[in-house]
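Student: I've got a new model open on my screen and I'd like to talk it through. Can we go over it together, a piece at a time?

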Amino acid sequence: MSGGADLPVAGHESDGIATRSGFIALAGRPNVGKSTLTNALVGSKVAIVSDKPQTTRRAIRAVAGGPDWQLVLVDLPGVQRPRDALTERMQRRVESEVDEADGCLMVVNAEQGVGPGDRFIAAQLRGARVPIVIAVNKVDRIDRARTAAVLKAADDLGIAESIFPISARRGEGVAPLLEHLVSLLPRGPFYFDPRQRSDQTESALLAELVREQVLIRTREEVPHAVEVEIAEIEEHDGRFRVEAVVLVETESQKGILIGSGGRMIKAIGTGARRAIERELGGHVHLALQVRVRRHWRADERVLDRLGIE
Ligand SMILES: Nc1nc2c(ncn2[C@@H]2O[C@H](COP(=O)(O)OP(=O)(O)O)[C@@H](O)[C@H]2O)c(=O)[nH]1
Ligand SMILES: [Mg+2]
């Protein structure tokens, strides 16, 4: 098996070869590395990564595949106590995705060990009708003795049919984990065109790449208050012009994002332009605008329009 490199020439019906195909739901506390692992399994960047909680807002379907298998990962938003319309929607999404999947992959953070947050999630998963695998991630941060202790603690959660130590960031242990996950999938035709890497639209992915740069550079309430919309993508002779609007909730957040002398928005723009160029494969001119839209997180219509279900 190979990690997503060998694409069949066939379309998504996969031509009568005995294929395995199915869905794996990703569970785990915020920040344990679910999005990093998703990117590692798929072999390209489909989910943004930061050290801020609630980085992932939309349940992206990421597609990993080889010639005779296709594994669709659902990168779930981190479960939190519902507080506003946004977190409530995220929580409901988690519950329905797990029941519809063929297996569940729970990720824990080896550096922090198994804690109450993991036990909370394990309790939610205990009744699931699908096999549960635990990945103990970030083992690059701890020594062997500590890794063994965390593997034992993960086993003691009592929900996993198997447990894998991995470093999603370095790619260590990812191949055997992937091989095992594929073995859990039923035989059946592919769900996605094998060339597809996720179910996001191009503009949704580009908006996420801009938001990632904001997340990397901001703190406290600002990351949660930011949303990004792509207003326009134009192409002329392999050169792209992308117009993005960064939404915040208050004037002071807008001030933070622009920064003194416009330095912050410039850094965000440079980082985002590079990421977008990597994605589009051509020169990009990125026009960024920061706009205040009060209470967008509580506005169901805005959430609908942004695709946050
Ligand atoms: N050292 C180390 N850091 C990691 C690893 N995987 C993820 N991270 C970092 O952990 C943070 C959260 O990762 P992310 O994938 O966004 O976590 P998520 O919230 O579970 O999706 C980011 O800063 C990642 O770079 C890993 O294997 N090793
Ligand atoms: Mg994530």
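Student: Let's jump in at Arg 241. Which residues does Arg 241 touch, not counting residues up to four places away in sequence?
Tutor: Keep in mind that this is a predicted model. Arg 241 sits in strand S8. Skipping residues up to four places away in sequence, the ones Arg 241 touches are Glu 234 and His 285.

Student: How far apart in space are Arg 241 and His 285, C-alpha to C-alpha?
Tutor: Along the sequence, 44 residues separate Arg 241 and His 285. In space, C-alpha to C-alpha, the gap is 4.8 Å.

Student: Is Arg 241 buried, exposed or partly exposed?
Tutor: Count the other C-beta atoms within 10 Å of Arg 241, and you get 14. Buried needs 20 or more and exposed needs 12 or fewer, so a count in between gets the middle label. That makes Arg 241 partly exposed.

Student: What about the whole chain: what percentage of the residues are buried?
Tutor: The chain has 309 residues, and its secondary structure comes to 10 helices and 9 strands. Among contacts with a separation of 6 or more, 71% join residues 24 or more positions apart. As for buried residues, their share of the chain is 43%.

Student: Which residues touch the most other members of the largest nonpolar core?
Tutor: Nonpolar side chains tend to be buried together in soluble globular proteins. Here the largest nonpolar core holds 82 residues. The ones touching the most other members are Ile 24, Cys 104, Met 106, Ala 135, Val 136 and Val 246.

Student: Where does this core lie relative to domain 1 and domain 2?
Tutor: Helix H6 (residues 202-217) gives the largest share of the core, 7 residues. Domain 1 (14-183) and domain 2 (202-305) both contribute residues, so the core lies between them.

Student: Pick Met 106, then. Which residues is Met 106 in contact with, leaving aside its neighbours within four places in sequence?
Tutor: Met 106 is one of the core residues that touch the most other members. Leaving out neighbours within four places, its contacts are Ala 27, Gly 28, Ile 121, Leu 125, Ile 132 and Ile 134.

Student: What covers the buried residues of H6?
Tutor: H6 has 16 residues and spans 24 Å from first C-alpha to last, close to the 22 Å expected. Its buried residues include Leu 205, Leu 206, Leu 209 and Val 210, and charged ones such as Glu 208 and Arg 211 are on the list too. The cover over those buried residues includes H7, strand S7 (227-236), S8, helix H8 (251-258) and H9.

Student: And H9: which elements do its buried residues pack against?
Tutor: Helix H9 (residues 263-280) has 18 residues and reaches 25 Å, close to the expected 26 Å. Ile 268, Ala 272, Arg 273, Ala 275 and Ile 276 are its buried residues. Residues three or four places apart in an α-helix point the same way, because there are 3.6 residues a turn. The buried residues of H9 pack against H6, strand S8 (239-248) and strand S9 (283-292).

Student: Which residue follows H9 with a positive phi?
Tutor: Look just past the end of H9 for a phi near 70°. The residue there is Gly 281.

Student: Lys 138 and Glu 220 are both non-glycines with positive phi. Is Lys 138 buried or exposed?
Tutor: Lys 138, with phi about 70°, is in the loop between strand S5 (132-137) and helix H4 (144-156). It has 25 other C-beta atoms within 10 Å, and 20 or more is the cut-off, so Lys 138 is buried.

Student: Is Glu 220 buried or exposed?
Tutor: Glu 220 lies in the loop between H6 and helix H7 (222-225), and its phi is near 50°. Its count is 9 C-beta neighbours inside 10 Å, and 12 or fewer is the cut-off, so Glu 220 is exposed.

Student: Last one: which residues come nearest to ligand 1?
Tutor: The shell around ligand 1 has 4 nonpolar, 11 polar and 6 charged residues. Helix H1 (residues 34-42) gives the most to this shell, with 3 residues. Of the 21 residues around the ligand, the nearest are Gly 33, Lys 34, Ser 35, Thr 36 and Arg 169.

Notes: Residues are numbered from 1 along each chain as its sequence is written. Chains are lettered from A and ligands numbered from 1 in the order in which they are written. This is a predicted model: local features need pLDDT of at least 70, side-chain atom pairs count only at pLDDT 80 or more; totals for chains, interfaces and linings use all residues. A nonpolar core is a set of buried Ala, Val, Leu, Ile, Met, Phe, Trp, Tyr and Cys residues joined through C-beta atoms within 7 Å. Helices (H or I, at least four residues) and strands (E, at least two) are DSSP runs, numbered from the N terminus. Domain bounds come from an automatic or database domain assignment. Two residues are in contact if their C-beta atoms, placed from the backbone, lie within 7 Å. A residue is near a molecule or strand if its C-beta atom, placed from the backbone, lies within 6 Å of it. Ala, Val, Leu, Ile, Met, Phe, Trp, Tyr, Cys and Pro count as nonpolar, Asp, Glu, Lys and Arg as charged, and the others, Gly among them, as polar. The expected span of a helix is 1.5 Å times one less than its number of residues.
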